[in-house]
Structure formats: structure tokens, C-alpha cells
Amino acid sequence: MASTPQIPNFDAAAVREGLRLAMQVGLPPDTDDQPLFVMPTTVSGDAVNVLDAAGTPFNPSYRPTRSVPATVRVPCAIEYFDGAGKIESFGLVAPSHVLLTLLDQDFAQVKGFVYVVIGGNKYWFEREFAPLGLVDVGVHQIKCRSDDEG
Amino acid sequence: MAFIRNQERMVYQSVMDLVQGHLTTLGWLGQTDPNLLPFGATVPLTWLEATPDPKLDPLAPNTVAFTEGDTPDDEEGELGAVHGGLWRVEHTFFIDIYGESLGVAKALASDIRAILNGKLPGTSRYANLTDFSLTPPAQALGHILSFEDVEVTRPMAQPAKMRWEVVKATCVHEFHAEEG
């Protein structure tokens, strides 16, 4: 969010409201199908069992404690893409990805999310593009890659 | 001590049974309670006998896909094989692992690799071929399987796909048979 308006009488709140409405129009009508941003899970072990960075123990019988991740639903624009096919030794992998566009205030609520669920499909955070702006309304675009779940 | 009709299929089935059996012993397969899966995994394994096609087919976390590569011609293992000697043929197997996390993918790949190179208790680089045409199926005499070049490859090295690991193994099938 910009700290000072760049154009006199620019009504940032009205612009945000209009853009959110446009985003909402393009989202699936069923709330359950709309993007659900899932924040990181906290995995905690104990003083004895070592965990790797993903929270997986090296002791096969030890189960670390996992917190229930927080979830946030904010309006955003969704664009679906197919990745370029790439031949590998075991076959062809051509995962799809989505490009999400969020307004600054909404982005602040989901920043740091691990994956987003859209229509029951999981898309992992991959990268955030350089932020854009509409006068003093910030715009953020995030690329997520499909988890390949049905 | 002879060629068995469809023995190539039996190699495939024997190796798959061997891997599944050890994964069951290790707690990865046959576990109905996800809380009892090893290494803190939370999703039970899905076993496929096909190369995953993530774009077309649903692919759940902790999917293990067992597939076979090309099978070359039989090679004579010793002089005079034409008259009832030793033959050798190599089968290449790919076990794709799509883990719920990088740690679980590595844990599965490590266990499967150790199964095939005989490092875990109760495992061996050598295995019997099962003659599935018998009732009940029994060890095929004069046939032996051994595993070579058991490797883990990570074809998708991008951050988003680091959970995909592939165990590749060459299964050498040696058997006695006459030609014709």
C-alpha cells in the first residue's frame, strides 16, 4: 500500500471495492470452490528425535506434533495455464499452474501461504512476481503449481 | 530347470511382490491407520502400475508407481547355451515416488533402494522367481533374480517438484533353458 495518493481525489477504497467485485464475479459461485489459502503447518518434535526441514523424523516410529494450518479466503483473479511439456526418463510431465492476482490488502492476509485449494485441487506456491500498482492500490501476482491431485 | 512360458511377466510380478512385501513389513503398505505410518507420514500409500500422468490422471500424495522399461534380448551366459545352458536377461524397473513432503519422498526412496540392494534386515540383492503358473505359485527352480545399479534419480529438480523421486533398478534374470 502506498502511503500517499499519487493522484488527487483518487478514491483507493472505491477502486479496491470495484476490483474485488470484478474478482468475485469471476470466481466459482460455490464458496467451497473458491480459493482457500493455507498457511504453514507448525511441526514440532522433542529434544530426542531429530526432524528434517520438512518436519519428517529420522526415527520411523516417531510422530511429530503437527498444528492445524490456518486458512484464509480472500477474493482474487485466477488464470489457469499449462506448463510446457518436458520429456523425462520416466515419461512426460506437464503440470499446470495458476496465476493469482490479489490486491495489496488481501495479499497481506495470505502472504506466506504454502498452497491454495481451488475447486478441491491443490496448487503450491511457486513464486511471487514483482508487485504492480494502480496509483496507490498495490497489485500482487503469484504463480502456483498444481499438486496434480484430482 | 527350463524356460517358463510368460516368465518375463513372472519377473515383473515377482519383483513387484517383493517390493510390496517389504514395504508392508516396514509399515508403508497395508496400514489402515494413517497415524501408524512410518516417519510421520500422514497419507496412506497409493500403488500404481503405470507411469503417472499428472496432467490427465489424479495423483495423490504418497503415490508409488511401479513400471518396467524395455526388455532386451536374452544373452548366452556361458558357452553352449544353445544346448541347455545359462541365459541372462536384464529387466529395468522404475519406481516413481510422489511424496507428501520432501522428507517422506526421500524416506520412501531410501527404503525402496535399501530393499532392492539388500541393505535392510530380511532383504537381499538376490531373489527367487515365482512360477505363477503353478497352483499354488512356487519358486521357479533354475531361475534366479539379482538387482544391479539400484539408483535414485530426481528428474524434477525444481523446488515445486522436489518431492518426486525415482528408484531405478536393473533386475538380472538368469535361468537355464534350451533353445527351441
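This passage describes the salt bridges and a set of paired strands in a predicted model.

A search of the whole structure finds eight salt bridges over all chains, and three of these pairs are taken up in turn below. In chain A, the side chains of K143(A) and E126(A) form a salt bridge in which the closest N and O atoms are 3.3 Å apart. Because K143(A) belongs to strand β12 (residues 137–146) of chain A and E126(A) to strand β10 (residues 121–128) of chain A, this pair ties together parts that are 17 residues apart in sequence. K143(A) is buried, with a relative accessible area of 18%, while E126(A) counts as partly exposed at 25% relative accessibility. The pair also belongs to a network of salt bridges, in which E126(A), K143(A) and R145(A) are linked.

In chain B, a salt bridge joins the side chains of E148(B) and R88(B), with a distance of 3.8 Å from N to O. The pair links distant parts of the chain, since E148(B) is found in strand β6 (residues 138–153) of chain B and R88(B) in strand β4 (residues 85–98) of chain B, 60 residues apart. Both partners are partly exposed, E148(B) with a relative accessible area of 29% and R88(B) with one of 24%.

A further salt bridge in chain B is formed by E165(B) and R154(B), whose closest N and O atoms are 2.9 Å apart. Here E165(B) lies in strand β7 (residues 164–177) of chain B, whereas R154(B) lies in the loop between β6 and β7 of chain B, and the two residues, 11 residues apart, again link distant parts of the chain. E165(B) is buried, with a relative accessible area of 1%, but its partner R154(B) is partly exposed, with a relative accessible area of 44%.

The strand pairing in chain A can be followed from β1 through β9 to β10. Strand β1 (residues 36–38) of chain A pairs with strand β9 (residues 115–118) of chain A in the antiparallel sense, over three bridges, and within this pairing L36(A) stands opposite V117(A) in β9(A). Strand β9(A) in turn pairs with β10(A), also in the antiparallel sense, over four bridges, and here V116(A) stands opposite Y123(A) in β10(A). The hairpin of β9(A) and β10(A) has two residues between the strands, and in this hairpin G119(A) takes a positive phi near 60°. Strand β10 of chain A is also the strand that holds E126(A), the salt-bridge partner of K143(A) in β12. In a regular strand, the side chains alternate between the two faces of the sheet.

Conventions. Residues numbered from 1 in each chain as written. Chains lettered and ligands numbered in written order. Predicted model: local features only at pLDDT ≥ 70, side-chain atom pairs only at ≥ 80, totals over all residues. Heavy atoms only, no water. Salt bridge = Lys/Arg side-chain N within 4 Å of Asp/Glu carboxyl O. Buried < 20%, exposed > 50% of the residue type's maximum accessible area, 1.4 Å probe, protein only. Pairing = 2+ DSSP bridges.
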